[in-house]
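Reader: I'm new to this one and I'd like to know what the labels rest on. Could you show it to me before I start asking?

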Amino acid sequence: MNAKTQYRLNYRLTATDLEIVLALVRTGKLAEAGERLALDASTVFRSIQKLEKGLGQRLFERSRTGYQANELAQELAVHAEQMEAQLEAARSAMQMQPDQVAGAVRITTTDTILHGLLAPVLRPLQLRHPLLSLDLHAGNELASLTRRDADIAIRASKRPPQHLIGKHLGPIRVALYAGKTTKIKHFDADVAQRHHWIAPDDALPEHPSVLWRKKHFPKLQATYKVNSILTVAELVGQGLGLGILPLFLAQGRKDLLQLTDVLDECQTELWLLTHTEARHLRRVSAVYSYLSQEMVLN
């Protein structure tokens with residue numbers, strides 16, 4: 001045990017070691033880590049083996065699903081992220097004039113928010129910062145800001161994680177809609193029973209619209225289940241059934257008819273989120289500040 005400990009203390013950890021550990025912590029796969037580093041999977045494998053031998057202990061648990069980081073690997077990844085952030089900040093400082101912003105900013109959100117709220121405000125941002133590029137990811141799964149899978153997240157949440165910097169953008173209000181071609185004049189229990197429903201699928205079992213329908217119409221089953229609210233809007237607009245939609249997504253669409261007042265029970269809050277370290281990068285700060293002003297919901 002003493003020999004192993006001495007070997008570990010004598011091992012000279014390098015920036016390259018930290019970079020490789022961080023890539024494997026983030027991806028969990030040798031090939032994907034290699035892609036991030038412009039290395040082949042075998043090189044990553046050998047590097048991790050050499051590092052573990054030098055440290056005298058494992059950093060990752062191997063399984064069929066990939067590489068699972070242990071506590072030491074996660075701690076090393078934290079230091080690697082700090083190093084990464086400092087290097088990016090230094091590069092930006094060297095390359096940029098005082099009023100310039102450049103580089104890539106990764107934003108994760110849902111397709112509903114992307115198309116309904118984010119896309120309409122992107123052109124002025126691009127005109128203001130022409131050297132800036134945006135990597136936009138739309139999906140219901142939560143990309144990790146802590147692992148730097150994304151720099152900024154825009155999410156509906158009643159209570160965002162406390163370890164992130166958050167800006168409350170306003171309430172997301174919703175109502176029940178039908179397609180105008182359905183000729184529905186009003187909404188009541190009879191209308192609810194006679195028409196098909198379009199709703200999020202089992203990937204979103206706790207979605208407020210799903211909970212509302214089950215509470216008020218427990219015997220009703222959705223005829224069409226989809227994996228995004230944007231798809232709900234499209235199918236409702238086609239006249240295929242009833243669906244609950246955010247007001248911001250339905251406004252201005254001539255194919256949708258609002259059947260109810262705002263459903264207060266379904267209200268959630270829109271949050272703009274980033275990690276404390278990413279917030280200090282000039283490119284991230286510029287995008288975060290711009291979106292915090294332009295995406296406010298009333």
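Reader: Which strands make up the open sheet of three, and in what order do they come?

Author: The order is β10-β7-β11, and the pairing is antiparallel. Its edge strands are β10 (243-246) and β11 (256-258), and each of them pairs on one side only. Before we go on: this is a predicted model, where local features need pLDDT of at least 70 and side-chain atom pairs count only at pLDDT 80 or more, while totals for chains, interfaces and linings use all residues. Residues are numbered from 1 along each chain as its sequence is written, and side-chain values use heavy atoms, with hydrogens and water left out.

Reader: What makes something a strand or a helix here?

Author: Both are DSSP runs, numbered from the N terminus: a helix is H or I over at least four residues, and a strand is E over at least two.

Reader: And how do you know that β7 and β10 pair?

Author: Two strands pair if DSSP finds at least two bridges between them. Strand β7 (residues 174-179) and β10 share four bridges in the antiparallel sense, so they clear that bar. One bridge partner to look for is Ile244 in β10, which goes with Leu176. In general, strands of a sheet pair through backbone hydrogen bonds, either parallel or antiparallel.

Reader: Which helix lies across β7, β10 and β11?

Author: That's helix α10 (residues 229-237), which runs at about 120° to β10. Such angles run from 0 to 180 degrees between N-to-C directions, and the axes are lines fitted to C-alpha atoms, for helices over the stretch in contact.

Reader: Why is the pairing in the sheet of five strands called mixed?

Author: The order in that open sheet is β4-β3-β5-β12-β6. Its edge strands are β4 (132-138) and β6 (165-172). Strand β3 (residues 103-109) runs parallel to β4, with seven bridges, whereas β6 and strand β12 (residues 268-274) are antiparallel, also over seven bridges. Both senses turn up, and the pairing is mixed. To see it for yourself, find Ala104 opposite Ser133 in β4, then Lys167 opposite Leu272 in β12.

Reader: What makes β3 and β5 a pair, with how many bridges?

Author: They have two bridges in the parallel sense, with β5 at residues 152-156. Two is what "at least two" asks for, so they count as paired. Thr108 stands opposite Ala153 in β5.

Reader: On to the helices. Why is α2 called roughly perpendicular to α4?

Author: Two packed helices are described by the angle between their axes and the distance between the axes. Helix α2 (residues 15-27) and helix α4 (residues 41-55) pack at about 115°, with axes 10 Å apart. That makes α2 roughly perpendicular to α4, a label for 65 to 115 degrees (under 35 is roughly parallel, over 145 roughly antiparallel, and the rest oblique). Asp17, Ile20, Val21 and Leu24 in α2 meet Val44, Ser47, Ile48 and Leu51 in α4.

Reader: At what angle do α3 and α4 pack?

Author: Helix α3 (residues 30-37) packs against α4 at about 100°, with the axes 8 Å apart. These two are therefore roughly perpendicular as well.

Reader: Why does Ala73 count as buried or exposed?

Author: Buried means under 20% relative accessible area, exposed over 50%, and partly exposed in between, using a 1.4 Å probe and protein chains only. Ala73 sits at 0%, so it counts as buried. Ala73 belongs to helix α5 (residues 71-95). Leaving aside residues up to four places away in sequence, Ala73 touches Val21, Val25, Leu59 and Phe60, where contact means heavy atoms within 4.5 Å.

Reader: How do you know whether Arg194 is buried or exposed?

Author: Arg194 has 55% relative accessibility and therefore counts as exposed. You'll find Arg194 in helix α8 (residues 189-194).

Reader: What is notable about the phi of Ala38?

Author: Ala38 has a positive phi of about 60° although it isn't a glycine. Most residues other than glycine have a negative phi. Ala38 sits in the loop between α3 and α4, and at 70% relative accessible area Ala38 is exposed. Lys183 also has a positive phi, about 65°, in the loop between β7 and α8.

Reader: Last one: how do you know that the span of helix α12 agrees with its 13 residues?

Author: The expected span is 1.5 Å times one less than the number of residues. For α12 (residues 282-294) that should be 18 Å, and the end C-alpha atoms are 18 Å apart, which agrees.
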